[in-house]
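Visitor: Could you take me through this structure step by step, so that I learn how to read it?

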Amino acid sequence: MTFLQLNNIQKKFGEMSVIKGVSFSAQKGEFVVFVGPSGCGKSTLLRMIAGLEDVSDGTLSIDGKDVTYEEPAKREVSMVFQSYALYPHMSVFENMAFGLRMIKLPEDQIKARVLEAARILQIEALLERKPKALSGGQRQRVAIGRSIVRNPKIFLFDEPLSNLDAELRTQMRVEIAKLHRNLGATMVYVTHDQVEAMTLADRIVVLRGGLVEQIGTPTELYDRPANTFVAGFIGSPKMNFLAATVDGVDGGSLKLSHPAFAGGSLTVASDTAGRVKTGDTIIVGMRPEHLTLDAANPVLTLALDISENLGGSTQLYTTGGGEPVTLVVPGRPSLNSGDGLNVGIDASHIYLFDAAGQALRASH
Amino acid sequence: MTRDVARQAVMRKKTIMPETTVKSPSGVNRVPNRGYGRWTPFWFLAPAVLTLLLIGIYPTIFALVTSFRRYNIARPREGFPFIGFENYASVLTDSTFWASLGTTARFYITVLPIEVMLGLCIALLLHKTGMGFLKALARVTLVVPLATTYAVVGLIGRLIFNRDFGVANQVLNTFGFDSFDWLGSPAGAFAAIAIMDIWQWTPFCALIFLAGLSMVPGEIEEAARLETSSKWALLKHVQLPYLLPGLTALLILRSADVLKLFDMVFVMTRGGPGSATDLVSIYIQRVGFRIFDLGTASAQAILLLILTIVISRLYIRILYKEVQ
């Protein structure tokens, strides 16, 4: 059942169009992540779901009810802000109880709900403290607790982890995932961090310039990106792109040429018959983690610039035919700058895009 | 903190280092004269301190000393003998003094709630989003009454409330009421000075509150909007805590100001008719400069000063809670 429905949502600030028509729907209990670079409109979209921004055009419904022009408090959504936005003059308990007091819930029920949320988030010992006496991670928990107690229809998160240090961020990420599993609540989460998107989401909405680039599960986005933007955005380090020229089309296979290819050319199986002709430019995408060293059938011939030892794996920055290519390989191969590398890749891991960046063939 | 200290240390080093290496043409090491010595701060502060001493501290001490003397400059032959607390005793038993203090209190509790409420309403209107140009214009307009001299406000008041050609009566006539002798009747005169005070000081309240409202972080206001759609709850639980420091400052300033309010009322009514607008400052002025009993007037002024300090401390004690 569709729980959250966005129908051709648009947002204009004066003459400037920020959201240019976004449609998508989420099921009850789904964890949806909006991801995209700064200024892609992901936060604006979230704030429109919350009711904090007016919708310029389109409709928005939650649980079957049109809330496009509904006041924020009546939408029964809660939001965790990047800055936590705790009320500074109230104690942790009062912060969490505020929303419940506003709907005039009996005091004993308020207490029960706050204590329950505090128990889930392990902040029972902090209930009497003021926000300024809390660490960043504790404030974040209180902000999440304030959302939980209201038992909202949808939880909204606006880059909630970006103010935390790396270790705490990982820890809170896991906790949010657990919370989602335990509460079974519908959550919409905004982040620019593709790792958060990949690990938390049931489905990811990739946004750019106010438009949806692709919607799909993390696996779908990783395996079958719709275009070079999604391919480059999902996955870390980002996908390598080589702009190759089509030398020949032969039934189900393409012969491509690029100076980085071993022997200058590469033949790939492709079902793009009719759409590609000799002389076209094709963008070949290869993920750093799919590239292997010392391959029996090398695909790329690269020269090593710099290698970074990450302990368990090594990141290699190389050049092939003047283009930078990054590899992530297991262990610590002993290599020196300038070494020539014969790099292989499984044919199923080669991504092809047309000159405009649209996917020609998704592997698998 | 420690980083700041470190940075200062580095900066200090940077500024000191060249001094030790600079050599004068004669080859003798010397510290270059950059016009900055240990007395430089003193010279920068001196004008302000001197002015404060001359027009603030000295007159206060003079008034304090005078309040313990018989000091009637109309009768210089009697000299200015020290008489202890006699002036204070006569002030405290003077029913006219108490009456004028009562009038002042009545004036205060008439104008202040209206100024605070109106100011808050204006601030909330200006705090709303949209209509940027009009709001900017309104903010500038708000400064005009503040920038107007009290005496000029009094003059404007006399014109507005003139019985024969004042705009106040014109408005009354438009709505079918008879003209009213505002400044000639006790209640009318009191209302007139109250209205002029409200006209002059509501904008000040509005600006202070507007500053307070803009201190509320946007996300906190939004968090509250997600939890309640009541504007009143938002004001009471979220915005008010940010307004309290400003409100305290406002109450203190306005208390002190009403207690010494003189020019505007003097120009409009001279304390009349009868004693309807005889505020305590008007009465003190009369004692000091009509009867020339500076001793008694000084005692009254000192009592007023003490009253102001006590009221201010009370406001701070009761209201002032810093929002962290």
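**A hairpin, and outward from there**

Guide: Let us begin with a hairpin in a model that is predicted: strands β17(A) and β18(A) are joined by a turn of 2 residues, and within that turn Gly321(A) has a positive phi of about 55 degrees.

Visitor: How many bridges pair β17(A) with β18(A), and in which sense do the strands run?
Guide: Strand β17(A) covers residues 313–320, and one of the pairs along the hairpin sets Leu316(A) opposite its bridge partner Leu327(A) in β18(A). Counting along the two strands gives 8 bridges, and the sense is antiparallel.

Visitor: In what order do the strands of the open sheet that holds β17(A) stand, and which of them are at the edges?
Guide: The sheet is built from 5 strands of chain A with antiparallel pairing, in the order β15-β19-β16-β17-β18. A strand at the end of that order has a single partner, so one of its sides is left without a neighbour in the sheet, and this applies to β15 (292–293) and β18 (323–330) of chain A.

Visitor: Which residue stands opposite Leu293(A) in β19(A)?
Guide: Strand β15(A) is joined to β19(A), residues 340–344, by 2 bridges, and the two strands run antiparallel. Across from Leu293(A), the residue in β19(A) is Val343(A).

Visitor: What share of the residues of chain A count as buried?
Guide: Chain A contains 8 helices and 21 strands, and its C-alpha trace spans about 75 × 45 × 35 Å along the principal axes. Among its contacts between residues at least 6 apart in sequence, 63% join residues at least 24 apart. Of the 364 residues in the chain, the share that counts as buried is 40%.

Visitor: Is helix α1(A) largely enclosed or left open, and which residue follows the helix?
Guide: Helix α1(A) runs over residues 42–50, and 8 of its 9 residues are buried, so the helix is largely enclosed by the rest of the structure. Among the buried ones are Lys42(A), Leu45(A), Leu46(A) and Ile49(A). The residue that follows, with a positive phi near 95 degrees, is Gly51(A).

Visitor: How far apart are the centres of the two domains of chain A?
Guide: The domain assignment divides chain A into domain 1 (2–233) and domain 2 (240–361), and 6 residues of domain 1 are in contact with 8 residues of domain 2. On the side of domain 1 that touches domain 2, there are 4 nonpolar residues, 2 polar ones and no charged ones. Between the C-alpha centres of the two domains the distance is 38 Å.

Visitor: Where does the largest nonpolar core lie with respect to these two domains, and which residues are in contact with Val188(A)?
Guide: This core has 127 residues, and those that touch the most other members include Val33(A), Ile49(A), Val188(A), Val284(A) and Phe209(B). Since domain 1 and domain 2 of chain A both give residues to the core, it lies between them. Leaving aside neighbours within four places in sequence, the residues in contact with Val188(A) are Val32(A), Phe34(A), Leu46(A), Ile49(A), Ile154(A) and Leu156(A).

Visitor: Which elements of chain A give two or more residues to the side that touches chain B?
Guide: The contact between the chains takes 20 residues from chain A and 16 residues from chain B. By class, the side belonging to chain A has 12 nonpolar, 4 polar and 4 charged residues. The elements that each give two or more residues to this side are β6 (77–80) and α2 (92–102) of chain A.

Visitor: Is Leu240(B) buried, partly exposed or exposed?
Guide: Leu240(B) belongs to helix α10 of chain B, residues 231–259, and its C-alpha atom is 8.4 Å from that of Leu213(B), 27 residues away along the chain. A residue needs 20 or more C-beta neighbours within 10 Å to be buried and 12 or fewer to be exposed. With 16 such neighbours inside 10 Å, Leu240(B) therefore counts as partly exposed.

Visitor: Where in chain B is the confidence lowest, and where is it highest?
Guide: Chain B averages a pLDDT of 84, with 88% of the residues scoring at least 70. Where pLDDT is low, the predicted coordinates should not be read in detail. The lowest mean, 47, belongs to helix α1 (residues 2–21) of chain B, and the highest, 93, to helix α4 (residues 95–127) of chain B.

Notes: Residues are numbered from 1 along each chain as its sequence is written. Chains are lettered from A and ligands numbered from 1 in the order in which they are written. This is a predicted model: local features need pLDDT of at least 70, side-chain atom pairs count only at pLDDT 80 or more; totals for chains, interfaces and linings use all residues. Two strands pair if DSSP finds at least two bridges between them. Helices (H or I, at least four residues) and strands (E, at least two) are DSSP runs, numbered from the N terminus. Domain bounds come from an automatic or database domain assignment. Two residues are in contact if their C-beta atoms, placed from the backbone, lie within 7 Å. Ala, Val, Leu, Ile, Met, Phe, Trp, Tyr, Cys and Pro count as nonpolar, Asp, Glu, Lys and Arg as charged, and the others, Gly among them, as polar. pLDDT is the predictor's confidence in each residue, from 0 to 100. A nonpolar core is a set of buried Ala, Val, Leu, Ile, Met, Phe, Trp, Tyr and Cys residues joined through C-beta atoms within 7 Å.
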